[in-house]
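Visitor: I would like to learn how to read the ring contacts and the ligand surroundings of a model. Could you take me through them step by step?

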Amino acid sequence: MSDTSIQARRTSGRISAWGLLFNNRLAAAGFVLLSILLIAILSTPWLPLSDPDATAPVNRLLPPLSEGHLLGTDQLGRDILSRLIWGTRVSIAVGFAATLVAAILGSAIGIMSGYAGGRTDNLLMRGIDMLMAFPYILLALAIVAALGPGLMNALYAIAIVNIPFFARNVRGITIGLSHREFVDAARLSGKGPLAIILSEILPNVLPVIVITMSTTAGWMILETAGLSFLGLGAQPPQADLGSMLGEGRAQLFTAPHVSIVPGVMIFLIVICLNLLGDGIRDVLDPRLKSGALARPGPVTALRRDRHAPANPHPDASLSIVGLQTGFEQRKRIASAVKGVSLYVRRGECLGLIGESGSGKSVTALSVMGLVGSPPGIIGDGAIYLDNEDVLSMSEARLIACRGKRVAYIFQDPLTTLHPMYPIGKQVEEALAAHQPLSGKDLAEKAIALLDKVQIPEARERAGHYPHQLSGGQRQRVGIAMALANDPDVIISDEPTTALDVTVQAQVLDLLAALQKERGMALLFITHDFAVVSQICDRVAVMKDGEIVETGPTARILSDPQHEYTRRLIACVPEIGDGPAFLPRIARLFDAGAKGALS
Ligand code: ADP
Ligand code: MG
């Protein structure tokens, strides 16, 4: 696939951080406006502005656009434009400095208390709680009152009252992180607490700190303005946005521009900071770098110049022909599925087997256009459902087929079931998506389905939450949801991998029985030949995105043609193998590696 010829249904997402930031138009607007402001306030001393403090009583309260005074003058005849720019400089400097101080102190407290836990945590957090127990503007006023009015004291006051926000946020995240396995691993490797905090915890909380900073900077500028407005911050004749607003208050009706101008400036700064903060948050989330921010489409993107190959098995329920699916990465496309063809008939079970990363899940998700785009893209091939080309269906029709004609069962039902809803409700939801049922009928049908998948005491169990069920029972719920709308095809992606062997056998039996009873086509994905031999009629062996061998299960098991198939089969231990099993596997894989090298 050459990257120039790609004409995706959806334009692809850009990947660089700047690209991502500018993808978000509002954040980009905030960034541009703030940059202009920053340039203006950094170069203020060199701008051709009149002295902001020079009074000229004859020129008092000139309206905007007067000669020599673009924004007019205030009650003492001072140039408002000059005071505005000098005042913005002061307000932004104080706001940012207070943000930085609060961020550093607050995060340090949060990390320490979250990581240390126990008594340290208790002590630090009760201190923070005490700070939070006061309305914070009152607290800031009290601090300034104690320290005396002035800009620096206003800065300290605002920094102190904002420490709790950082400390609380960072502590919560640190507690979650400090029990994670990678932190345990660092501990086991002999790292001390400081090294762990700096190398393991800090990089993970940094995005949160930056996001909290970008969202609180706006408030802090407002709070600085508030204190100055009350006469506790900037002292005359020094201008800052709050004091300008305060001084203009007396002329609100006679010369409204004196207070409107600084008011609009405060508004603009805070809005821009918030928009930019949102943008930065999105960019800092690594999951979004792969393009998810560029609004993943509801359907996998498709190359326009796809050649839809004819269907060699028009009677099959599902037929995939020459499917190529890849992922856009910067300038190139990494292909995960490289021309896969397979078919499943009514009442038949096809096993798709291959090691992890061979492209099984991507193949399965491609069937209903479920590979996220960007970065996913279907390059070529065709997918036929009862001889109807899925890839040329309209978006709405394809979405309507999901769950109705093709249903999925995924590996780990604990992650696919909603933790906050009882299982009965979740089955009802699957039913209601495609059937005009409601109320009692819906509930009865859900219970019947749970009963069908052999959940004991289904009526009572329907009210239970996923965490109250065992792994095997959860997977039965997954199967019930897949069966809800009597689909023609069920695709199950390693449904038993998370289960132990005895439960696995029960779930497989159930799946096989239901499939035969309802005459569905079952595409069964696994990495385990033992499972294949138990339930599949035919097998397709997948390696590195390609099907290397396919045929009836019995034939493949007794007479595998491909070296890779032989190795997969050898991985199934037999009773009586005893200690000879592992060396046998090792020999086979060594031989395979040598074969691959020669
Ligand atoms: P498996 O056979 O274990 O189910 P998958 O189909 O999940 O393997 O993955 C096949 C290949 O596709 C892997 O190399 C994987 O790295 C790649 N892949 C899967 N999802 C993505 C994604 N969202 N972005 C980039 N590459 C992906
Ligand atoms: Mg998989």
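Visitor: Is Trp-219 buried, partly exposed or exposed, and why does it count that way?

Guide: Bear in mind that this is a predicted model. The general idea is that a residue between the 20% and 50% limits of relative accessible area is called partly exposed. Trp-219 has a relative accessibility of 35%, so Trp-219 counts as partly exposed. Phe-165, at 23% relative accessibility, counts as partly exposed too.

Visitor: How many aromatic pairs does the structure hold, and how should I read the geometry of a pair?

Guide: The structure holds four aromatic pairs. In general, the angle between the ring planes decides the label, with under 30 degrees read as stacked and over 60 as edge-to-face. For Phe-165 and Trp-219 the ring centres are 5.2 Å apart and the planes stand at 70°, which means that this pair is edge-to-face. Because Phe-165 belongs to helix H6 (residues 151–178) and Trp-219 to helix H8 (residues 193–229), the pair ties together parts that are 54 residues apart in sequence. The rings of Tyr-408 and Phe-410, by contrast, have their planes at 0° with centres 5.6 Å apart, so that pair is stacked. Of these two residues, Tyr-408 counts as buried because its relative accessibility is 14%, whereas Phe-410, at 32%, is partly exposed.

Visitor: Which residues do ring pairs link into a cluster?

Guide: The cluster consists of Tyr-136, Phe-165 and Trp-219, linked by ring pairs.

Visitor: Which charged ends sit over rings, and at what distance from the ring centre?

Guide: The ring of Tyr-343 has the charged end of Arg-538 over it, 4.1 Å from the ring centre. The ring of Tyr-564 has the charged end of Lys-543 over it, with a distance of 5.3 Å to the centre.

Visitor: Turning to the ligand, which residues surround ligand 1, and where do the polar contacts fall?

Guide: The residues surrounding ligand 1 include Phe-327, Ala-336, Glu-355 and Lys-360, and the shell divides into three nonpolar, five polar and two charged residues. Its largest share, three residues, comes from helix H12 (residues 360–367). As for polar contacts, an oxygen atom of ligand 1 lies 2.6 Å from a polar backbone atom of Gly-357, while backbone N or O atoms of Ser-358 and Val-362 lie 3.2 Å and 2.9 Å, respectively, from an oxygen atom of the ligand.

Visitor: How much of the area that ligand 1 exposes when taken alone does the protein bury?

Guide: Ligand 1 taken alone exposes 560 Å², and the protein buries 59% of that area.

Definitions and conventions:
Residues are numbered from 1 along each chain as its sequence is written. Chains are lettered from A and ligands numbered from 1 in the order in which they are written. This is a predicted model: local features need pLDDT of at least 70, side-chain atom pairs count only at pLDDT 80 or more; totals for chains, interfaces and linings use all residues. Side-chain values use heavy atoms; hydrogens and water are left out. Rings of Phe, Tyr and Trp (its six-membered ring) pair if their centres lie within 6.5 Å; planes under 30 degrees apart count as stacked, over 60 as edge-to-face and the rest as tilted. Helices (H or I, at least four residues) and strands (E, at least two) are DSSP runs, numbered from the N terminus. Buried means under 20% relative accessible area, exposed over 50%, partly exposed in between (1.4 Å probe, protein chains only). A charge sits over a ring if NZ of Lys or CZ of Arg is within 6 Å of the ring centre and within 35 degrees of the ring normal. A residue is near a molecule or strand if one of its heavy atoms lies within 4 Å of it. A polar contact is a pair of N or O atoms within 3.5 Å; within protein, one must be able to donate a hydrogen and the other to accept it, and residues adjacent in sequence count only if both atoms are side-chain atoms. Accessible areas come from the Shrake-Rupley method with a 1.4 Å probe; for residues, only the protein chains shown count as cover. Ala, Val, Leu, Ile, Met, Phe, Trp, Tyr, Cys and Pro count as nonpolar, Asp, Glu, Lys and Arg as charged, and the others, Gly among them, as polar.
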